Amino acid sequence: MGIAFDIIVIGGGHAGIEAAWAAARRGAEVALVTMKADAIGRLSCNPAFGGLGKGQMVREIDALGGLMGLAADRAGIQFRMLNRSKGPAVWAPRAQAERNGYPKIVQELLSQSPRIQIIEGAVERILARDVPGPAERPGDSAAAERPHGDMVDATRHGPRKRVTGVELSDGRRLGAQAVVVTTGTFLRALMHCGADQTHGGRIGEAAALGLSDSLRTLGLELGRLKTGTPPRVHRDSIDYSRCDLQAGDDPPTPFSLMTDAISQPQVTCWVTWTNAVAHEHIRANLHRAPMYSGQIQSRGPRYCPSIEDKVVRFAEKDRHQVFLEPEGLSDERIYCNGISTSLPRDVQDAVVLEIAGLEKARILQYGYAVEYDFVPTNQTRLSLEAKLVAGLFLAGQINGTSGYEEAGAQGLVAGINAVQFLRGEEPIVLRRDEAYIGVMIDDLVTRPPAEPYRMFTSRAEYRLLLRADNADQRLTPLGRRLGTVDNERWDRFTRKVQAVAAIRELAARGAVDGVPLAAWMRRPDADAATLAEALARNGTGLHCVDALEQALIDAKYSGYVDRQARQIERFRRLESLPIPDPIDYVTVPGLRAEARERLLGVAPRTLGQAARISGITPADVTVLWIYITGRQRARL
Amino acid sequence: MLERLDETIVAIATAPARGAVGIVRLSGPTTLKIAEGMIRLPHGAALSAQRGSTRHNGEVGVDESHWLPATVYLFRAPRSYTRQDLVEIHSIGSPAILEAIRRRALALGARPAEAGEFTARAFLHGAMSLDRAEGVATLIGAQTDTQLRASRRMMEGALSRRTAEARDTLAELLALVEADIDFAEEPIEFIAPSELKARLGAVNEQLHQLMAGAASAERLELLPRILLFGAPNAGKSSLMNQLSGTSRAICSAAAGTTRDVLSAPIRVGRAEAILLDTAGVDETVEEVITAARAMTLSTAERVDVVCWVVDATTADPAALHTVLESLAVARVVVAVNKCDRASAAEIDRAVGSVGAVGGAAVCRVSATRGEGVEVLRARLEEALTAHSTTVDAEALVLTERQRQAVVEAARTLSRAAELASAATRTVDCADLVAFELREALDALGAIGGEVTTEDLLGRVFARFCIGK
C-alpha cells in the first residue's frame, strides 16, 4: 500500500466536502480524492441553497460545525426567508449563491485544515479484505435461495469485508481504515440532451466508470436514477419589464450562526411564466424527449420534475412558474429555475422564446438530464456504513437523494461516523425528533426511496420542534462533544443560549401597551424590535436579534411544544427499545414470512424503526418486541 | 403472558357451571403431542396423522386408567383461531371433570393460559386487529342479544372500517395542508380555509355520530345501574337498605350524611341490577357535600334508571329539577318517600311537584317501614326492561379506550377547525392545523392497533376471560 490515511473521501461535491471537513475536525488524517481539484464545491444544479426543509438542514449542518452555511453566506447574493408570513416552524432560509464564487470559498476553507490532503485522480477500485465469517449453520440453506442472499447474511452475521483503501486509475494505491464514497451523479454518468448522449457527470467533466464495478464486486447492488437541469440564458437578452420582480430580504438573514452580516452586494431575481404555446411545442416534441422516447429508463425526481413532465402530468395547467436567477454578480448567465429539461436544443430554443420576457433570450447553456448509478439504501445502516463492507460509508446522491443540502448533511454524518468507526465507538444516529438530518437518514434506510429523495418539512413529524431557528440548540452541544464545533462557535452559541434565557426571565416582568410581556410575546404581531424596546425600558439592552427571535418563537409555540414533547415521549418509548445486531429473524417465533423478509432487508436498529418499515404490521412489531424482551430476560 | 408464544397453553373454555357440554382448549407448538397423550381415537387412529380441520368422536383420559367420551376438534396451524395448532376437547360439562382434563394437559407439559391469551395469540399472529380482539372480549361479556350483535359487529371490524373513512379524509386534508407549506413558492392554494373548515367539520360530525350511536362496552359488561337521586335527607339511604336488604348505607336524621357513592346489587323482578346511593344533589347544601355531588353527577352519566326520591314532608328545592333534567340519559321512576309521616295534602303536593318529569311512574313509599317498596321494585323492573329495548340494534360498542381515542380525535379536529376559521389563507394556520391533524390521526390510529404500546396491550388483553 502506498500512502496511508485514516479516512479517504471519494468525491469533492457537497457530501465529500462535509465528510472530509468533519472527519478532519475530529482529528482524522483525511485524503479527499477528486477528479478535478478546482471543481471541488461546484454547483452543478441551481446556484441556490436552502428552501423548505432544505434550509433547516443547512442550519443543522452549520449547528454541527459544517461548512455549507458559512460558504453560502459568503457567496450569497440574495437571501429570502421563505414562509416568513407563516408560523416560524415552517420558516425556511434560502439564498442564491455565486456559482463561481462558492467553490472558491469552499476550497479556501478546506485548505485551512492541515489534516485534509486533496489528491487529484479517479478512484478505480475500493480495496477490501475478507472478514472471517461465522461458520455456516445448519438450516441456513434458505438464505441462499432468497434474493439478496448476501444482504440477508450481512444482516444476520455482520459484514463480510472490511475496506483497506482505494486504487486510482493510474495505479496509485492509498491505504485507509475507512472510505467515504460521495460520487454524486458521476458513477457511470450519462448526459442526455435530446437524442445526444455524452458520458460525463457534469458539462465538460468525465464520468467515473470503474467504481461501479468495484462496488458490485464488493457485493453491493446498484440502481439507476436521473436528474436534470434547465437552460441558462444571457442576462442582457431578457426583457425584465415583462417579468415580476422578486426582491430579497432586507436585511438578509444568514444561514450560519458564525456570520455577523452578509457582505456581498445583493441582487434581485425575476419571475415569469410558461404558457399554452410553449406547452404545445413541448407536447409536439415529447417523442424526442429521452424520458419519453425510452432513451432514459431510470426514475427522476417527482418533486422537481422536468418541464416536459409537468406538461404531461399537469395537463390542465396552462402555465408554470419560471424563476430567473442570476448565477453571480458578474456572471452573465441567468438560471431558468422551473424548466429543467432534456429536450433537444431546437425545442429548448422554441420553448424559451415563447416565455414572457425571454422572447429574445440567448441560451448560453442548454438544459440536459443526467443518469447515474446509485446504491439503494436498503444496503446501508443508519450510520451510513454499507451493511456488507465494514468501514465503507456512502453519502449524497449515491444514496438516492437529490440536492446539495441532503448531500452535505449525509456527508457530515458519514464523516463523523467514519471517525467513530476508526475509534471502535458506537455510530452517531440522529433521531427523527432531533433533526431533519435524522428524519432523512431514517427515511432512506427504513423506506428506501425509488426516486430521488428530497427533503420537505412534511417529512418531519416533530416539525414544531425541528425549526431553523433552534437548530443550534438541538445539535451544537452534540457537535461540541464530537469535536466538530470549535471554541469560537461554542462561545457564540453559549452566549445566545444565555441571552434567550435572560429574555425569558425579563419577559416575566415587562409589558407592551399594558399587556404583560409574556402574553404579548405569544401574539402573532409580536416582533423582535418591539421586544427589544420593551426590554430596554426595563433597563436591559439586549441587542442579539437571534436571541430575541428565538425567545418570541419559543413563546408562540409554548403550548404546542408541550404537546409535541408528549408525542415524542410516546415515540421514544418504542425508539428506545434497541434491536440487537445481528438478530436472526428466522428464529423469532410467530413472525410472518413477509415480515421476516422485510426486517431482514432493512435490519432496523430499534423497534420504532421496525414499525416504520412499509408492510410491517403492529402485530409484527409486538411479536418482535416480545421476542427481544424475552431474550433479554433469558440473559439476566 | 405475551412473551411465551412458543409454549402450549390450556384452559377450560366454558363457564364454570354445570352444563351439557364443557370445553377444554389447547394451543401451541406441542398441542398435538399433549393431545395424543390424553386422547384415544376409534380404531387406534393417531391425531397427528389427521390433516386439516377435523372432528373425532373418541375418549379423553382424566388419568392413566379413567376414560370419558369426548368429541375432539383439531384445527391445524395456521387455519385456527390462534394460527397455531389448536385442539378442543368437548366433554361432560362438569367443573370437576373439566378441571381433571385440564390438569392432565398440565401434567403432559402444557401451562395454564392467562386471561385473553388465546385471543392475544390470534392478534399477535395477525389474525385480527386490536379492535376486533376487543370485540371478542365484549362478546364474552355480553348479556343480551342486542349486545351480542353489537359486539359481533365490532369483532368484525366495523369500528376500524368507520374510522378508516375518517382517517382517509384526514390524511388527505393533511396532505393538502402540508403541500401549502412545502410548495410555498407555487402561486396556488391547495385548499382554501373555508373548505378545510367545512371538511374538518364533516369528519367531526361523523365521529360524533359514531359516538352518539355507540353503547359503552364497559357498561355492557356490568349489570344495569339504578341511581338513587334526591335532596339531602329525602331517605335515599333508607330506601337503598330496603331494596337491597342490607344496612350498607349509613343513614341518620341529619341531612347530608351520605358522603360517598355506595352500591349494592339488587334483584328487581327477574332481573339483577346495581343500585347506587349518592350524596344529595342540592344547591343549598354545604361545602363538604360539593365534592360528593360532583361524584354523583359523574356516576349519573352511567346509569340506566334514575330513582328520584322525593321527601313528602318538605318541598324539594327547584334547583333539583334542573339537575334532574340534565340527567335525561335515563328513565326516571319517582318514589315519594316518608308517606307514613306526611299528611295527605303534603303527599298530593309532592306528587304534583314532580309532574314536570313527563311519563315517570310515581310510587308512594315509606322507606323506614318498607311500605310500597315492592311496587317500586316492579316499576324499576319495567323501567329497566323499557330501557334495554331502546339500545340501537345497529349501534357499535365502544370500549373506554376506543371512546377516549374518538373523543381525543374530535377535540383535536375542533381546534383545527377553529384555527382554519380564523385564517384568511390556509398557509397562515398550516403549521398548527397540520399538528392537530397529525394528533387526530394518531388517536384514530390507536383504535385499529396501529399505535400500540406495551401498557395498551396489557390493558386490552387483561379484560379477557381465561379460555378465549
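Here are some questions and answers about a predicted model with chains A and B.

Q: How many helices and how many strands does chain A have?
A: Let's start with the basic parts of this predicted model. Counting up chain A gives 21 helices and 25 strands.

Q: What radius of gyration does chain A have, and why can we call it as compact as a globular protein of that length?
A: The C-alpha trace of chain A spans about 75 × 65 × 50 Å along its principal axes. For 636 residues the globule rule gives 26 Å, and chain A comes out close to that, so it is as compact as a globular protein of that length. The radius of gyration of chain A is 25 Å.

Q: What share of the long-range contacts in chain A join residues at least 24 apart?
A: Buried residues make up 54% of the 636 residues in chain A. Now take the contacts between residues at least 6 apart in sequence. Of these, the share joining residues at least 24 apart is 77%.

Q: Which stretch of chain A has a pLDDT below 50?
A: Chain A has a mean pLDDT of 87, with 91% of its residues reaching 70 or more. One stretch falls below 50, and beyond near neighbours in sequence it has five contacts in the model. Where pLDDT is low, the predicted coordinates should not be read in detail. The stretch to handle with care is residues 135-147.

Q: Why is strand β5 of chain A largely enclosed, and how many of its residues are buried?
A: Strand β5 covers residues 76-82 of chain A. Most of its residues count as buried, so the rest of the structure largely encloses it. Of its seven residues, the number buried is six.

Q: Which residue of β6(A) stands opposite A:Met81?
A: β5(A) and strand β6 (residues 92-97) of chain A run antiparallel and are joined by six bridges. Strands of a sheet pair through backbone hydrogen bonds, either parallel or antiparallel. Opposite A:Met81 you'll find A:Pro93.

Q: Which strands are at the edges of the sheet with the order β4-β6-β5 in chain A?
A: This is an open sheet of three strands with antiparallel pairing. An edge strand pairs on one side only. That description fits β4 (48-50) and β5 of chain A.

Q: What is the bridge partner of A:Gly50 in β6(A)?
A: β4(A) pairs with β6(A) in the antiparallel sense, over three bridges. Look along β6(A) for the residue bridged to A:Gly50, and you land on A:Arg94.

Q: By how many degrees are neighbouring strands turned against each other, on average, in the six-strand sheet of chain A?
A: This open sheet has the order β16-β17-β18-β19-β15-β20 and antiparallel pairing. Its edge strands are β16 (244-246) and β20 of chain A. Ignoring direction, the average turn between neighbouring strands is 35°.

Q: Which residue in β19(A) is the bridge partner of A:Glu325?
A: Strand β18 (residues 321-326) and strand β19 (residues 333-337) of chain A run antiparallel, with four bridges joining them. The β19(A) partner of A:Glu325 is A:Tyr335.

Q: Why are the buried residues of helix α11 on the same side, and what arc do they cover?
A: In helix α11 (residues 345-354) of chain A, the residues A:Val347, A:Gln348, A:Val351 and A:Val352 are buried. The buried residues of α11(A) pack against β15 (232-234), α8 (276-284) and β20 (363-365) of chain A. They sit on the same side of α11(A) because they cover an arc around the axis of only 125°.

Q: What percentage of chain B is buried?
A: Chain B contains 16 helices and 15 strands. Among its contacts between residues at least 6 apart in sequence, 70% join residues at least 24 apart. As for burial, chain B has 468 residues, and the buried portion is 46%.

Q: Which residue of β7(B) is opposite B:Val10?
A: Strand β1 (residues 9-12) of chain B is covered on both faces: B:Ile9 and B:Ala11 are buried on one side, B:Val10 and B:Ile12 on the other. β1(B) runs parallel to strand β7 (residues 111-112) of chain B, and two bridges join them. The residue opposite B:Val10 is B:Pro112.

Q: Is B:Arg25 buried or exposed?
A: B:Arg25 is found in strand β2 (residues 19-27) of chain B. Its C-alpha atom is separated by 6.4 Å from that of B:Ile89, 64 residues apart along the chain. Burial takes 20 or more other C-beta atoms within 10 Å. B:Arg25 has 26 of them, so this residue is buried.

Methods
Residues numbered from 1 in each chain as written. Chains lettered and ligands numbered in written order. Predicted model: local features only at pLDDT ≥ 70, side-chain atom pairs only at ≥ 80, totals over all residues. Rg over C-alpha atoms; globule rule 2.2 N^0.38 Å. Buried ≥ 20, exposed ≤ 12 C-beta atoms within 10 Å, placed from the backbone. Contact = placed C-beta atoms within 7 Å. pLDDT = per-residue confidence, 0-100. Arc of directions from axis to C-beta. Pairing = 2+ DSSP bridges. Axes fitted to C-alpha atoms, helices over the stretch in contact; angles between N-to-C directions.
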